[in-house]
Amino acid sequence: MWVFLFYNTDFYENRAHVHVGEKGSQDLCKIWLEPKVELDSRGEFTDAQVKEIIELAENNKYMLLEQWQRFKAGKPVKMIKITQ
């Protein structure tokens, strides 16, 4: 199961992005959400894992961007379960 999250320190970054990792792990990658979904840093993930994460982010881009906008506006971010 992949976890998509924002960090408080991300508040000062203007370009929308999300950090992604496996539940229970500290290893994360960073995915830009705009202008297109793309990898910023991969962490220790394999090519197959990165491909899966990118695909999930692309398929849920608008929902993730909505949460980014809530985060930037100081509103609570909703926990959303994403299934393939």
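Accessible areas here come from the Shrake-Rupley method with a 1.4 Å probe. On that basis, the accessible surface of the protein in this predicted model comes to about 5,700 Å², and 50% of this surface belongs to carbon and sulfur atoms.

**The whole chain**

Begin with everything selected, and follow the chain from the N terminus, along which the elements run β-β-β-β-α-α. In total the protein has 2 helices and 4 strands. The radius of gyration is 12 Å, close to the 12 Å that the globule rule gives for 84 residues, so the protein is as compact as a globular protein of that length. If you turn the model along its principal axes, the C-alpha atoms fill a box of roughly 35 × 25 × 25 Å. Of the 84 residues, 35% are buried, and among the contacts between residues at least 6 apart in sequence, 35% join residues at least 24 apart.

**The sheet**

Next, select the strands, which form an open sheet of 4 strands in the order β1-β2-β3-β4, with antiparallel pairing. Colour β1 (2-5) and β4 (38-41) separately: these two stand at the edges, each with a single partner strand, so one side of each is left without a neighbour in the sheet. Looking across the sheet, you will find neighbouring strands turned by 35° against each other on average, direction ignored.

Now keep β1 and add β2 (residues 17-22), with which β1 pairs in the antiparallel sense over 4 bridges. For one of the residues involved, select Trp2, whose bridge partner in β2 is Glu22.

**The helix across the strands**

Bring back the other strands and select helix α1 (residues 47-59), which lies across β1, β2, β3 (28-32) and β4. Relative to β1, helix α1 runs at about 55°.

**Asp10 and its surroundings**

Finally, go to Asp10, which you will find in the loop between β1 and β2. Is Asp10 buried or exposed? Since buried means under 20% relative accessible area, Asp10 counts as buried at 3% relative accessibility.

Which residues is Asp10 in contact with, leaving aside its neighbours within four places in sequence? Select His17, His19, Trp68, Phe71 and Lys72, and you have the residues that answer this description. With Asp10 and His17 shown as sticks, look for the polar contact of 3.2 Å that joins their side chains. As a last step, draw a distance from the C-alpha atom of Asp10 to that of Leu39: these residues are 29 residues apart along the chain, and their C-alpha atoms are separated by 16 Å.

Conventions: Residues are numbered from 1 along each chain as its sequence is written. This is a predicted model: local features need pLDDT of at least 70, side-chain atom pairs count only at pLDDT 80 or more; totals for chains, interfaces and linings use all residues. Side-chain values use heavy atoms; hydrogens and water are left out. Two strands pair if DSSP finds at least two bridges between them. Axes are lines fitted to C-alpha atoms, for helices over the stretch in contact, and angles run from 0 to 180 degrees between N-to-C directions. Contact means heavy atoms within 4.5 Å. The radius of gyration is taken over C-alpha atoms; the globule rule is 2.2 Å times the number of residues to the power 0.38. Buried means under 20% relative accessible area, exposed over 50%, partly exposed in between (1.4 Å probe, protein chains only). A polar contact is a pair of N or O atoms within 3.5 Å; within protein, one must be able to donate a hydrogen and the other to accept it, and residues adjacent in sequence count only if both atoms are side-chain atoms.
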